[in-house]
Structure formats: structure tokens, C-alpha cells
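Open your viewer, switch on the cartoon, and get your selection tool ready. We will go from stop to stop, choosing a few residues at a time and looking at what is there.

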Amino acid sequence: MKKQFFVLGLVGLLAWFSHAYASQDLVQSQYYSSPNKVYEKDKQPQITVANYNIAGGLRKHTVDLDLVAKAIKSMNADIVTLEEVDQNTTRSNGLDQAKIIAEKTGMYYAFGKATDMKGGNYGNAILSKYPIEKTKVFLLPSGDYEQRALMLSKINLPGFDSPIYIFNSHFDWHEEDEVRMSQARFINSIVFDDLDLDEEFPNLASGIMILLGDFNSVKNDRVVKEFEKYWTLVKQENVDPRTWPAGNPGLDLDHIFTSRNQVWEVEKLIIPNNGEEWNGIKWPLVSDHIPVIATLKLIEQ
């Protein structure tokens, strides 16, 4: 009889442990949204992303949205991040620029307000060939200067095991870099300290993350070095990174970074800054910035 009770107790204990480990596995699978994984060579997912400051201030804010849309379509990117975007401002004839560009390119979009501007809003936008699941906007520390913002959007792309988290930002432009340094540190703290994002973006730091924007900082600045603690600057040998001013570029201000949690191969990096047409577009006529377009292959998640 005692032996029977012992066996029953042992079975129950084993069942409890099995349930406990199963529960733990479930928690871990929910927690680690992007577990470490090395892809086989012929199964590496690929994405093309681009960043483009469309120059809300170009030609007194009279932006040719048809030309901008044509330029964006020529990139054939899965995701495009935009800066200097007006929404319903009097200076831009009351147009919702992101919405119109999305309609003209056939893409989904999200707008991220940084500040009030001339009866409307001014900020950033994200365009995507695929639905944008959710977006959050953070106001960056800006001191006494113009308010700037960071956008975060979650997008699911075919071929990827986990969602892609896209960050888009536009940094301060003043000569002294203290504000830009505080903006870089703020972004790093959001991502890697997971500040109040668990409910909206659970375990963000373990996800597949790409950061794009106009950082008003060249690659050798300490602002970029601050990012490189946690991010990898997308670059390629023999590709000139200069993006501003578009007519005769001298500074590389616009960048793409990937999270150091992943390993990517840069298949192609295009920065059409040599003054010649690329894909039928004369880029200095579109904006005062040149776009940065990268095709990336995910090697290790």
C-alpha cells in the first residue's frame, strides 16, 4: 500500500515538474520574441530599407509631393523612413504630406508628430509595403532648441520569424553636440533599459531592430560612436556616405543602424550622391538631402 502511494506521489511530482517546465518554456517563448538563430545560406531573409529627409524647408516648404513619391517608388524599398514632414500646416497648403505620399506610392504609413507648426504638425513618417501593426512616438530631449521626436513602429515582413521594429528619428542640427548626445543616449535607454514598453512592445531589446534617421552627425562624431555601443552602422566599402547638401554633398548626416543583437550582411548600399540620375531621378531636385538605401540579409537572429 505504501509502495502504491509512493508511486502515485512520484507520478504526481513528475507531472507537476512537467507542467512547471512547460509553463517556463511558454513564458520564455513569449519573452524572447527573437531567439538566437543562425539561418541556412539559402534561407536568409532579406529586407530593403531607406531613409530620406524630404526637406520640409526646401523652397519655402513647397514640396513637390508627386516628385517625392516618384523618388520613393524608384527605391523599391520595403520600408522608408522620412524626416521633415508637414501635416496640415498653412506653410504646406494644409496638406497631410505623409498620407498623400503613402497614397501615391501605394504604401502603408504612420506619422509621428514632433511639434506644432503653422496651424498643423511637423515631424517624421514611416512608409511600409506591409501593414504597420503599432506605432509609438517619443519626444526627444531638445533643450532650448526645436522639439525633435523618435518614432517606433512594429511591422511584420514575410520571411522573418519575428517582427521588425523600425526606429526613425531626426536630431538637432546645432554645432555643439550636447543635445544630440542626449538624444542618442535617450534612444539607447529606451531600447536597452526597456523603459515602460513591456505592455506595448514586450521585450523590445530581444527583437529585430533597425534605426534610421537624419542624425545631423557624421560617422566619426561622438554621437555616432555613442550609438555604436549597441548598434552597427550600415556601411559598405567604396560607397561614399555623404548625403547633404544634395547639390554637392559634403557631410554624411543620414544613417542606418542595425541592432548588435543581430548579424546582417549588407547586400547593397546605395547613396545616389554623384550628381547623376539614379533610377530616373535627379535627386538634388527632390530634396536637400540624398537618401540612404540598404538591402540587408539576416545571417543570425
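This tour begins with the whole chain, moves inside, and then visits a helix, the pockets and some loops.

**Stop 1: the whole chain.** What you see is a predicted model. Colour it by secondary structure and you can pick out 5 helices and 12 strands. Of the 301 residues, 51% are buried. Contacts here often link distant parts of the sequence: among those with a separation of 6 or more, 72% join residues 24 or more positions apart.

**Stop 2: the nonpolar cores.** In soluble globular proteins, nonpolar side chains tend to be buried together. To see this here, select Ile 47, Val 49, Ile 72, Met 75, Val 80, Leu 82 and Ile 210, which have the most contacts inside the largest nonpolar core, a group of 53 residues. Now centre on Met 75 and show its neighbours. Which residues does Met 75 touch, leaving out those up to four places away in sequence? They are Ala 50, Tyr 52, Val 80, Trp 278, Trp 283, Pro 291 and Ile 293. Next, select Leu 152, Ile 190, Leu 204 and Val 224: these belong to a second, separate core, which has 24 residues.

**Stop 3: helix H4.** Select residues 178-192 to bring up this helix of 15 residues. From first C-alpha to last, H4 reaches 21 Å, close to the 21 Å expected at 1.5 Å a residue. Add side chains and look for the buried ones, including Val 179, Met 181, Ala 184, Ile 187 and Ile 190. Some buried residues of H4 are not hydrocarbon-like at all: Arg 180, Gln 183, Asn 188 and Ser 189 are on the list too. What do the buried residues of H4 pack against? Their partners are strands E5 (132-139), E6 (149-155), E7 (164-170), E8 (208-214) and E9 (231-233), together with helix H5 (222-227).

**Stop 4: the two largest pockets.** Switch to a surface view and select Trp 173, His 174, Asn 216, Trp 244 and Leu 253. Among the 25 residues lining the largest pocket, these lie nearest its centre. The space in this pocket comes to about 460 Å³, and its lining has 9 nonpolar, 7 polar and 9 charged residues.

For the second largest pocket, select Leu 233, Val 234, Lys 235, Pro 241 and Leu 269, the residues nearest its centre out of 14 in the lining. About 170 Å³ of space lies in this one. Its lining divides into 8 nonpolar, 2 polar and 4 charged residues. Strand E10 (residues 254-259) gives the largest share of that lining, with 3 residues.

**Stop 5: a cis peptide bond.** Return to Trp 244 and follow the backbone to Pro 245. Is the bond between Trp 244 and Pro 245 cis or trans? The peptide bond is cis, with omega near -10°. Pro 245 sits in the loop between E9 and E10.

**Stop 6: two positive phi angles.** Select Asn 88, in the loop between strand E2 (79-87) and helix H3 (97-105). Asn 88 is not a glycine, yet its phi is positive, about 60°. Its relative accessibility is 38%, so Asn 88 counts as partly exposed.

Finish at Lys 118, in the loop between strand E3 (108-117) and strand E4 (120-128). Lys 118 also has a positive phi without being a glycine, near 45°. With 51% relative accessibility, Lys 118 counts as exposed, because the cut-off for exposed is over 50%.

Technical notes
Residues are numbered from 1 along each chain as its sequence is written. This is a predicted model: local features need pLDDT of at least 70, side-chain atom pairs count only at pLDDT 80 or more; totals for chains, interfaces and linings use all residues. Side-chain values use heavy atoms; hydrogens and water are left out. A nonpolar core is a set of buried Ala, Val, Leu, Ile, Met, Phe, Trp, Tyr and Cys residues joined through side-chain atoms within 4.5 Å. Buried means under 20% relative accessible area, exposed over 50%, partly exposed in between (1.4 Å probe, protein chains only). Contact means heavy atoms within 4.5 Å. On a 1 Å grid over the protein atoms alone, a cavity is a set of points where a 1.4 Å probe fits but cannot get out, and a pocket is an open set with protein on both sides within 12 Å along at least five of seven lines; lining residues have an atom within 4 Å of a point. Grid points are joined across faces, edges and corners, and a volume is the space filled by probe spheres set on the points. Ala, Val, Leu, Ile, Met, Phe, Trp, Tyr, Cys and Pro count as nonpolar, Asp, Glu, Lys and Arg as charged, and the others, Gly among them, as polar. Helices (H or I, at least four residues) and strands (E, at least two) are DSSP runs, numbered from the N terminus. The expected span of a helix is 1.5 Å times one less than its number of residues.
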